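User: Please take a close look at the annotated domain of this chain, and describe how its helices pack and what surrounds the ligand.

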Amino acid sequence: MFVGEKLHDHNALRLAAHERRYAFIQSEVAIPSDIITKLKDFQIAIPSWALGTGGTRFGRFSGGGEPRNLEEKIADVGLLHALNQTSGAISLHIPWDSTTNPAAIKALAAQHGLAFDAVNSNTFQDQANQALSYKFGSLQHVDAAVRKQAVQHNIEVIQQGIELGSKSLTVWLSDGSCFPGQLNFRKAYERTVDSLKEIYAALPSDWKLFLEYKAYEPNFYSTTVGDWGQSYSMVNKLGEKAYTLVDLGHHLPNANIEQIVSLLLMEGKLGGFHFNDSKYGDDDLTAGSIKPYQLFLIFNELVDGMDAKGMNHAQDLGWMIDASHNVKDPLEDLLQSVEAIQMAYAQALLVDRAALEAARNANDVVACQEILQTAFRTDVRSLVAQARLELGGALDPLALFRELGIRNQLIQQRGAKTQATGL
Ligand code: LRH
Ligand code: MN
Ligand code: MN
């Protein structure tokens with residue numbers, strides 16, 4: 001795949017139109033002088049498990065050319081990064097992405113300009129070589145031997161992560177119960193915290209542990225880390241390297257996610273994100289495809305809260321996507337998600353914070369809404385494109401993906417019937 005050769009022609013063809021749009025926004029809108037630098041610094045990690053066509057519980061329809069191994073997953077993320085220069089990291093899921101040669105994998109990723117974001121453990125599925133089952137939970141399990149096995153798996157994931165240069169572990173537990181009475185909530189909570197403490201003890205000093213919560217699924221009565229409050233209370237018991245991770249699809253309907261984000265950030269316990277969008281539940285739809293205003297409002301809180309704490313937008317939180325699809329080309333979908341996230345970030349950077357604060361202090365509710373929506377309704381695509389251009393990416397990554405016929409090339413190389421490991 002030779003993105004580089006064609007990228008120049010692609011950009012040359014679009015440059016005049018882009019410059020017109022970029023000049024227009026500069027003439028119309030008060031743009032912070034550092035906005036392009038901030039957009040350039042902002043990298044979003046791609047989940048290894050989103051590179052194949054996502055399954056549903058009713059079927060899986062592979063689109064062909066899916067990565068057959070970790071090397072090919074890295075090549076796919078490398079392709080995305082060559083197109084948009086904004087996907088400079090990959091998040092691995094173990095054991096789906098286990099490797100016996102981490103040094104070679106690390107070197108391959110470096111060739112593509114990729115770093116390793118959080119490594120994810122998996123105690124929500126039984127693996128072929130595994131002694132005990134997670135059918136009734138992992139870190140919460142009534143049997144100490146199952147808990148031990150799950151703890152040990154997490155420690156092995158940390159070890160693999162160390163070899164790859166990752167700096168964080170994401171723990172998501174499907175632990176919970178399906179029926180009232182099945183579980184002693186108190187004991188399940190305590191056992192989970194005790195197990196997490198053992199994992200936490202194996203964390204290197206410069207690592208973070210992210211504890212992801214989820215309201216329901218696969219358990220439908222209770223989930224032991226079911227919401228931000230449960231995660232927050234647990235990470236507080238672990239220590240300063242433990243944080244809560246917000247997956248946008250893991251809330252009950254109508255939850256005010258931006259307020260949750262603001263609170264966790266204020267408390268110094270927000271670790272990062274799994275970006276996606278949803279209409280009903282953990283739908284894992286493309287970021288910004290259903291509720292772009294919510295995504296903007298989340299970034300509005302992030303910019304406000306991170307600036308208040310003097311945090312580095314690009315570095316101090318984990319920015320990861322967790323979306324996968326049944327009906328789209330997974331690579332096109334990821335390009336869309338990355339762009340939607342960048343747009344929400346750019347719009348949040350445009351908010352006139354001094355005016356907003358003044359309007360709030362004057363209880364001018366109408367002005368508050370106008371200020372936010374003025375930023376949200378600004379077409380920031382030329383700002384995001386300018387950042388990409390300066391980084392050496394494509395003005396229109398999705399169009400270039402299609403112009404190059406990348407999916408067909410992948411099918412030629414890998415076959416029409418390949419299926420990536422993952423959900
Ligand atoms: C659970 C989840 C979690 C898993 C991933 C595959 O729904 O969001 O992050 O690791 O999906
Ligand atoms: Mn997730
Ligand atoms: Mn999920």
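Analyst: **The annotated domain**

Over residues 101-284 the chain is 38% helix and 17% strand (DSSP runs of H or I over at least four residues, and of E over at least two, numbered from the N terminus), and the C-alpha atoms at the two ends are 31 Å apart. The model is predicted, with local features requiring pLDDT of at least 70 and side-chain atom pairs pLDDT 80 or more, while totals for chains, interfaces and linings use all residues. Residues are numbered from 1 along each chain as its sequence is written, with chains lettered from A and ligands numbered from 1 in the order in which they are written. An unreviewed UniProt entry assigns residues 101-284 the feature "domain: Xylose isomerase-like TIM barrel"; such annotations may be inferred rather than shown by experiment.

Helix H4 (residues 102-111) packs against helix H5 (residues 144-164) at about 50°, their axes 8 Å apart. This angle makes H4 oblique to H5 (neither under 35 degrees, nor 65 to 115, nor over 145), and their crossing is right-handed. Pro102, Ile105 and Lys106 of H4 meet Gln160, Glu163 and Leu164 of H5, contact being C-beta atoms, placed from the backbone, within 7 Å. The contact of H4 with H5 comprises 3 nonpolar, 1 polar and 2 charged residues.

Turning to the ligand, 10 residues surround ligand 1 (C-beta atom within 6 Å), of which Asn120, Trp172, Asp247, Asp282 and Asp322 come nearest. By class, the shell around ligand 1 has 3 nonpolar, 2 polar and 5 charged residues.

How values were computed:
Ala, Val, Leu, Ile, Met, Phe, Trp, Tyr, Cys and Pro count as nonpolar, Asp, Glu, Lys and Arg as charged, and the others, Gly among them, as polar. Axes are lines fitted to C-alpha atoms, for helices over the stretch in contact, and angles run from 0 to 180 degrees between N-to-C directions. A crossing is left-handed if the near helix is turned anticlockwise from the far one by less than a right angle, and right-handed if clockwise. Two residues are in contact if their C-beta atoms, placed from the backbone, lie within 7 Å.
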